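Let's take a friendly walk through this structure together. Please have the sequence and the 3D view open as you read.

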Amino acid sequence: MGPGGDLFVGTYNEVRAANLASGLNVTHTPHHVVQAAISHADSRGAGVAINLRKDLHTLTRTFRRPVDLTLNLRTHLAWDIRDLRRILHAAGYAQATMNRQLQELIRQNKALGGFEK
């Protein structure tokens, strides 16, 4: 999954720019995992995102919903991954593709920090 492709994982700015360059911005949008408001990224644009079809994006548990500040970062990430796995499975994505991209989401989020116990 390269830049501008379905399920590409990168920073929000990387995913958005690649969508604009490839023309995929018509059907896809970057989805923050975890929500930008609680991420340890320096800015909204530096937060980790996955390139989702717009119809799938509206199904995510965090779409247009306020941040639950009672949960820690690790729990938010776990719930977001579980949510995406359910949505992508129902949409017919291959298990291997889902696993690879969701593992990359986890890796990039952990690289930002804030997941210490």
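What follows looks at one helix and its cover, then at a pair of helices, and then at two single residues.

Please keep in mind that this is a predicted model. A good place to begin is helix α1, which spans residues 12-22. Which of its residues are buried? They are Tyr-12, Val-15, Ala-18 and Asn-19. If you look down the axis of α1, these buried residues fall within an arc of 140°, so they line one face of the helix. The general rule behind such a pattern is that an α-helix has 3.6 residues a turn, so residues three or four places apart point the same way. What covers the buried residues of α1? The cover includes three strands: β1 (9-11), β2 (28-32) and β3 (48-53). Just past the helix comes Gly-23, where phi is positive, near 85°.

Now turn to the helix pair. Two packed helices are described by the angle between their axes and the distance between the axes. Here the partners are α3, covering residues 73-90, and α4, covering residues 95-112. Their axes come within 11 Å and cross at roughly 160°. Angles over 145 degrees count as roughly antiparallel, which means that α3 is roughly antiparallel to α4. The crossing of the two is right-handed.

Which residues make this contact? From α3 come Leu-77, Ile-81, Leu-84, Arg-85, Leu-88 and His-89. They meet Gln-95, Met-98, Asn-99, Leu-102, Leu-105, Ile-106 and Asn-109 of α4. Sorted by character, the residues of this contact comprise eight nonpolar, four polar and one charged.

One of these residues is worth a visit of its own. Leu-102 sits in helix α4, and because its relative accessibility is 1%, Leu-102 counts as buried. Leaving aside residues up to four places away in sequence, Leu-102 touches Ile-81, Leu-84 and Arg-85. Try locating Ile-50 as well: Ile-50 and Leu-102 are 52 residues apart in sequence, yet their C-alpha atoms are 8.8 Å apart in space.

For the last stop, go back to helix α3 and find Arg-82. Is Arg-82 buried or exposed? With a relative accessible area of 54%, Arg-82 is exposed, since the cut-off for that label is over 50%. Arg-65 lies 17 residues from Arg-82 along the chain, and 17 Å separates the C-alpha atoms of the two.

Note on methods
Residues are numbered from 1 along each chain as its sequence is written. This is a predicted model: local features need pLDDT of at least 70, side-chain atom pairs count only at pLDDT 80 or more; totals for chains, interfaces and linings use all residues. Side-chain values use heavy atoms; hydrogens and water are left out. Axes are lines fitted to C-alpha atoms, for helices over the stretch in contact, and angles run from 0 to 180 degrees between N-to-C directions. Helices (H or I, at least four residues) and strands (E, at least two) are DSSP runs, numbered from the N terminus. Angles under 35 degrees count as roughly parallel, over 145 as roughly antiparallel, 65 to 115 as roughly perpendicular and the rest as oblique. A crossing is left-handed if the near helix is turned anticlockwise from the far one by less than a right angle, and right-handed if clockwise. Contact means heavy atoms within 4.5 Å. Ala, Val, Leu, Ile, Met, Phe, Trp, Tyr, Cys and Pro count as nonpolar, Asp, Glu, Lys and Arg as charged, and the others, Gly among them, as polar. Buried means under 20% relative accessible area, exposed over 50%, partly exposed in between (1.4 Å probe, protein chains only). The arc is that of the directions from the helix axis to the C-beta atoms.
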